[in-house]
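I set out to record how the protein meets the nucleic acid in this entry. My notes follow the order in which I looked things up.

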Number of protein chains: 2
Amino acid sequence: MAPTSETLTAERILEATEEVLRRHGPAKATVVDVARALGVSHGSVYRHFRTKAVLREAVTKRWLDRTSERLAGIVSDGSGPEERLRAWLAALFAAKRHKAGDDPELFATYTVLTDENGTAVGEHIADLTSQLTRIIAAGAGSGIFTAPDPAAAARAVFHATGRFHDPCYAREWTAPGIDEEFTAVVDLLIRGLGAPR
Amino acid sequence: MAPTSETLTAERILEATEEVLRRHGPAKATVVDVARALGVSHGSVYRHFRTKAVLREAVTKRWLDRTSERLAGIVSDGSGPEERLRAWLAALFAAKRHKAGDDPELFATYTVLTDENGTAVGEHIADLTSQLTRIIAAGAGSGIFTAPDPAAAARAVFHATGRFHDPCYAREWTAPGIDEEFTAVVDLLIRGLGAPR
DNA sequence: CAGCTGACAGATTTCAATATCTGTCATTCC
DNA sequence: GGAATGACAGATATTGAAATCTGTCAGCTG
């Protein structure tokens with residue numbers, strides 16, 4: 001709909017694809033739609049992305065990366081390890097919950113995208129657990145946490161909090177009492193990580 | 001296919017329904033199929049179950065209850081609270097993993113049934129957390145665990161181990177390293193529950 | 001000549017007609 | 001007379017023909 005005369009870049013295609021996905025949903029978003037939105041032929045899109053699947057994967061990666069980048073800021077903020085871990089987990093929960101709550105349809109769209117795309121999700125999770133590992137390793141370094149293997153501890157914490165960040169639980173994120181549940185799990189985990197007294 | 005002349009009971013209908021679901025899958029299992037399997041008219045089935053949804057719910061409940069009952073045995077076995085908690089969580093994981101692994105198609109069928117049936121699932125989860133509560137309360141009573149609110153602690157433990165019993169993770173239950181992940185999470189939780197040293 | 005186009009083959013999706021199913025109930029059967 | 005039947009209306013699912021989409025590529029365009 002906007003036949004801009006700028007040169008066609010992968011970036012512009014990704015933006016247009018996001019827009020088409022937002023408008024039409026994952027099932028009806030076609031490469032032809034994306035091309036039309038850019039005012040080019042669909043053959044041109046295939047010059048930048050070999051297949052529709054590759055294009056969708058790129059969009060998915062961008063979306064996931066935006067969350068990772070926001071959280072990265074918390075990893076090295078000023079507070080102590082325990083506060084930082086709490087803040088990071090709370091921020092992860094808040095980020096996912098907002099994505100799901102603010103625009104449920106768009107969230108459903110991206111849930112479909114992530115489902116069809118294990119690789120991008122795997123990298124995203126690796127990203128997140130690596131951030132968690134840094135927080136826990138710092139805590140172990142300063143004697144606040146006991147963690148012989150910080151990476152393993154990070155994975156355990158990540159898995160144990162799945163209920164508060166995994167999309168398959170999204171419908172429960174609006175349930176009353178969910179914040180208490182979150183706090184209960186995080187408290188338990190932090191007690192578990194704590195150095196013996 | 002088996003026009004037995006026994007009287008038609010709810011029990012017999014449930015058995016036939018399980019069989020039809022096993023054979024045809026959740027999408028194609030019809031009330032007419034169930035009636036045919038019993039050698040009766042479908043009107044007779046409606047005498048015992050008001051709607052198809054009610055029938056499916058009853059089948060779902062039976063299936064879930066079978067798991068609950070198996071686990072109930074562990075709640076009051078001889079060992080100490082920590083071992084009992086470990087054994088119970090491991091048994092829950094093992095039960096679910098076997099259900100998923102032994103007959104993936106049947107598991108997929110019941111996953112559809114549980115998805116369409118929040119109430120039965122809710123009761124099943126209430127059942128399980130109540131068993132967990134008893135274990136944790138016993139541990140708190142003998143000073144092994146610290147748990148001001150055993151029911152809340154039980155819910156936290158149940159949520160934190162979701163990765164190892166929630167059907168939405170079933171595809172990861174065959175991944176290598178899953179046992180180490182399970183142990184890591186359980187260790188962390190048990191450390192978190194432990195009385196301060 | 002680098003980038004774009006649009007026609008094309010095969011795969012996939014849509015849509016409307018057709019068939020089946022759900023749930024009811026007047027009637028039949030023991 | 002209590003349980004079972006089967007015909008029925010409306011809802012849902014299946015099917016196959018037509019439309020659309022994906023991915024390719026020979027040729028156009030600036």
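The entries below concern the protein surface at one DNA strand.

Entry 1. I noted at the outset that I was working with a predicted model.

Entry 2. I listed the residues around DNA strand C and found 14 of them. Those that come nearest are Ser41(A), Ser44(A), His42(B), Tyr46(B) and Lys52(B). I then looked at the DNA side: sugar and phosphate make up 58% of the strand C atoms that come within 4 Å of the protein.

Entry 3. I sorted the surface near DNA strand C by residue class and obtained seven polar, five nonpolar and two charged residues.

Entry 4. I turned to the phosphate oxygens of DNA strand C. Ser41(A) places a backbone N or O atom 2.9 Å from one such oxygen. With Ser44(A) a side-chain N or O atom is involved, at 2.7 Å from a phosphate oxygen. On chain B, I found a backbone N or O atom of Lys52(B) at 2.6 Å from a phosphate oxygen.

Entry 5. Which helices supply at least two residues each of this surface? I found helix H3 (42-48) of chain A, and from chain B both helix H2 (31-38) and helix H3 (42-48). H3(A) gives the most, with four residues.

Entry 6. I consulted the UniProt record, an unreviewed entry, which lists residues 30-49 of chain A as "DNA-binding region". In the model, I found this span to be 75% helix and 0% strand. Its end C-alpha atoms lie 13 Å apart.

Key
Residues numbered from 1 in each chain as written. Chains lettered and ligands numbered in written order. Predicted model: local features only at pLDDT ≥ 70, side-chain atom pairs only at ≥ 80, totals over all residues. Heavy atoms only, no water. Near = heavy atom within 4 Å. Polar contact = N/O pair within 3.5 Å; in protein donor to acceptor, adjacent residues only side chain to side chain. Nonpolar A, V, L, I, M, F, W, Y, C, P; charged D, E, K, R; others polar. UniProt positions renumbered as here; feature names shortened; annotations may be inferred.
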